[in-house]
Amino acid sequence: MDESIRGMKVDHIAIAVRDLGTAIRTYESILGTECRQREVVESEQVETAFLKAGDSHVELIAAFGPESAVIPFLEKRGEGLHHIAFTVDDLEEETQRLVTSGFHILNEPVRGAGGKRIVFLRPSDCHGVLVELCQPI
Ligand code: CO
C-alpha cells in the first residue's frame, strides 16, 4: 500500500459513565453482546469495561477512587463521549510524526486497559475530542 495512505483502525470509542454496571447493561442491550472485559486501571483510578462492536470496542469508563481522572470530566460535561482510540503499530514513530506536525502529547506512554501502551493527544488540537493512540501488546 502507498505509504502516504495511512489508515488507523478505531480501536475503541470511550464513554464516561456514572454507574458502570448500569452502563454495561445499556450497551449490552444496544450491541447485543456481553461484556467480557472489566478492569480497574490504577494509574487513572478508573474502572473500565470493554464491549465488542464489530472490529472495534466500546469502552465504558467510571470513577474508581476519589482522585479519579474521570470525576472532573463528569462534573464538567456529564456522561458522554470521553475519547476515541486509534490503533498504531509503532507508538513512538506515530507520536514523533504527530509532534513534528505540531500536535501536543499529554503524557509519556503508559499502560492502559488490557496492558496496551497509550498516549493521549491534546483535545484542543483535535477539534475538541481527546484522541488516544494505542499500541497492542
Ligand atoms: Co481508551
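**Cores**

I began with the largest nonpolar core, which has eleven residues in all: I15, V17, L20, A23, I24, C35, A49, L51, V58, L60 and A62. I then asked which elements feed this core, and found that α1 (20-31), β3 (46-53) and β4 (56-63) each supply at least two of its residues. A second core of ten residues turned up as well, separate from that one, and A14, V46, I61 and F73 are among its members. All of this is read from a predicted model, not an experimental one.

I clicked on A62, a member of the largest core, to list what surrounds it. Leaving out neighbours within four places in sequence, I got contacts from A62 to V17, R18, L20, Q45, V46, E47 and V70. V17 and L20 belong to the largest core along with A62, while V46 is in the second one.

**How far to trust it**

I checked confidence next. The mean pLDDT of the protein chain is 93, and 96% of the residues reach at least 70. By element, α1 has the highest mean at 98 and β6 the lowest at 86.

**Overall layout**

I counted three helices and eight strands in the protein chain. In sequence order I wrote down β-α-β-β-β-α-β-α-β-β-β. The C-alpha trace spans about 45 × 30 × 25 Å along its principal axes. I compared the radius of gyration with the globule rule: 137 residues would give a value near 14 Å for a compact globule, and the chain has 15 Å, so the two agree.

Of the 137 residues, 38% are buried. The exposed surface comes to about 8100 Å², with carbon and sulfur atoms supplying 52% of it. I also looked at contacts between residues at least 6 apart in sequence, where 52% join residues at least 24 apart.

**A85**

I moved on to strand β5 (residues 80-87), where A85 sits. Is A85 buried or exposed? A85 has a relative accessible area of 0%, so I noted it as buried. Setting aside residues up to four places away in sequence, I listed its contacts as K9, V10, D11, H12, E132 and C134. I also took the distance to A49, a residue of the largest core: the two C-alpha atoms are 15 Å apart, with their positions 36 residues apart along the chain.

**Salt bridges**

D11 had come up as a contact of A85, so I followed it further, and it is buried because its 8% relative accessible area falls under the 20% cut-off. D11 forms a salt bridge with K116, with 2.9 Å between the closest N and O atoms. That pair ties together distant parts of the chain, 105 residues apart: D11 is in strand β1 (residues 10-16), K116 in the loop between β6 (110-111) and β7 (117-121).

How many salt bridges does the whole structure hold? My search gave five.

Another of them joins E92 to R117, the closest N and O atoms being 2.7 Å apart. Here too distant parts are linked, with E92 in helix α3 (residues 91-100) and R117 in strand β7, 25 residues apart. I have both down as partly exposed, E92 at 42% relative accessibility and R117 at 21%.

The last one I noted is R97 with E94, at 2.8 Å between the closest N and O atoms. The two are three residues apart in helix α3, so about one helical turn separates them. R97 is partly exposed at 30%, whereas E94 is buried at 9%.

Notes. Residues are numbered from 1 along each chain as its sequence is written. This is a predicted model: local features need pLDDT of at least 70, side-chain atom pairs count only at pLDDT 80 or more; totals for chains, interfaces and linings use all residues. Side-chain values use heavy atoms; hydrogens and water are left out. Helices (H or I, at least four residues) and strands (E, at least two) are DSSP runs, numbered from the N terminus. Buried means under 20% relative accessible area, exposed over 50%, partly exposed in between (1.4 Å probe, protein chains only). Contact means heavy atoms within 4.5 Å. A salt bridge is a side-chain nitrogen of Lys or Arg within 4 Å of a carboxyl oxygen of Asp or Glu. A nonpolar core is a set of buried Ala, Val, Leu, Ile, Met, Phe, Trp, Tyr and Cys residues joined through side-chain atoms within 4.5 Å. pLDDT is the predictor's confidence in each residue, from 0 to 100. The radius of gyration is taken over C-alpha atoms; the globule rule is 2.2 Å times the number of residues to the power 0.38. Accessible areas come from the Shrake-Rupley method with a 1.4 Å probe; for residues, only the protein chains shown count as cover.
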